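Trainee: Could you choose one part of this model and take me through it closely, with the cut-offs stated as you go?

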Amino acid sequence: MAKQKIMFFDTTLRDGEQSPGASMNVEKKARIARQLEKLGVDVIEAGFPIASPGDFQAVKEISGIIEKSEVCALARSLPKDIQSAAKAVEGAKKPRIHVFLATSPIHMQFKLCKSKGEVVKQAVDSVKLARQYCNNVEFSPEDASRTEKEFLFDIIERAIDAGASTINIPDTVGYAMPAEYGALIRKVRERVPNIENAVISCHCHNDLGLAVANSLEAVKNGARQVECTINGIGERAGNAALEEIVMALQTRKDFFQEFEHSINTREIINSSRMVSELSGLFVQRNKAIVGKNAFAHSAGIHQDGLIKKKSTYEIISPQEIGLEETELVLGKHSGKHAIKNRLESFGIKITEQEAEAIFPKFKAMADEKKEVSNEELLALAKGIKSLI
Ligand code: KIV
Ligand code: ZN
């Protein structure tokens, strides 16, 4: 059976850049856009052109340099936003305009101060206007996961009739549970009569730590585009992390066997490091896939298992994401086997007796320090007479 393609829509430069303290200049954004293209993302959401002259310039610049990925600009459902987005992406090889408008009762009543009828009209007019500039238009009913279902299905149907070819279902405040969000995607598929004319997209925020789980559940239930960011950066607790979603699809091919994607996973670590460096947002050590500890093992039992067979404690090989190798951290939890192994990597073969002699010294040093470096281990080994 032919596989179904999951499109990766990267919003590092738009939703990601909305993280407090992450704003970047045009040059930095252009560097990241080039790396995203190398990574193989299908769509780069390059910015929100009406937000500032710098944002407009960044989207325009990126539109001029990107060859293969689509370049998308965000717009509120307002003519001035749509015109600005259209102008910013006009030079792109594959432009897209992303129009959004809130549809949940709480947003319509308190933020927009508009009735349902007014919101539907504004959404339809906006999609139609965007289509006058670009034939690739995405519509997002903002706060979709807290929107009344019947109203959501109705506005989606009208947005598709007005010309939207992607319908995004944002979990704007990260409120949905995975089963609930999956069911919502399934219902959109079942209940919107013209849904066959559009791609369903998911867009999940991480306020409850569920953004990746929700995105994967969406894929299982019919979403064919995933909106995400590198390192999961984004508003508040962030967006779904691209690297986690793609490595889940990749590592659990048995579970996601009907899908394929075009991400070059070997560019993940380069992308992560570049985004961290240029945005100034550091990646926590224990972050899945790209954290410093993600491929580091310190427990003696684990190190022993890994030396015997990598798959005992590693479900992803570090090379798959572009790292050189697994790191066995030498510390107080390490055993003799790990020490012998590390010395062997420097061409020093030690006997059982020599290992017995080094081990107490190593443990004493490890108790003092968090990590014993290669140099320190070599110095300990040199202190054992027979090795000199
Ligand atoms: O989270 C959200 O609802 C958004 C929209 C603009 C798609 O980022
Ligand atoms: Zn968002």
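Mentor: Helices and strands here are DSSP runs numbered from the N terminus, with H or I over at least four residues for a helix and E over at least two for a strand. The model is predicted, so that local features need pLDDT of at least 70 and side-chain atom pairs count only at pLDDT 80 or more, whereas totals for chains, interfaces and linings use all residues. Residues are numbered from 1 along each chain as its sequence is written, chains are lettered from A and ligands numbered from 1 in the order in which they are written, and side-chain values use heavy atoms, with hydrogens and water left out.

The part I would choose is the site of ligand 1, whose shell (residues with a heavy atom within 4 Å) consists of Arg14, Asp15, His98, Phe100, Ser140, Glu142, Asn168, Pro170, Thr172, His203 and His205. By class this shell holds two nonpolar, six polar and three charged residues, where Asp, Glu, Lys and Arg count as charged, Ala, Val, Leu, Ile, Met, Phe, Trp, Tyr, Cys and Pro as nonpolar, and the others, Gly among them, as polar.

Turning to polar contacts (N or O pairs within 3.5 Å), a polar side-chain atom of Asp15 lies 3.1 Å from an oxygen atom of ligand 1, His203 places a side-chain N or O atom 3.1 Å from a ligand oxygen, and for His205 the corresponding distance is 3.0 Å. Ligand 1 taken alone exposes 260 Å², of which the protein buries 94%, by the Shrake-Rupley method with a 1.4 Å probe. Two or more shell residues come from each of the strands β5 (95–102), β6 (137–142) and β7 (166–171).

The zinc ion (ligand 2) has as its protein donors (N, O or S atoms within 2.8 Å of the metal, or 3.2 Å for Na, K and Ca) Asp15 through OD and His203 and His205 through NE2, at 2.0 to 2.1 Å. Water is not among the atoms, so such a site may look incomplete. The donor spacing in sequence is D-x187-H-x1-H, and distant parts of the chain are linked by the pair of Asp15, in the loop between β2 (7–10) and α1 (26–39), and His205, in the loop between β8 (199–204) and α8 (211–220), which are 190 residues apart.

Definitions and conventions. A polar contact is a pair of N or O atoms within 3.5 Å; within protein, one must be able to donate a hydrogen and the other to accept it, and residues adjacent in sequence count only if both atoms are side-chain atoms.
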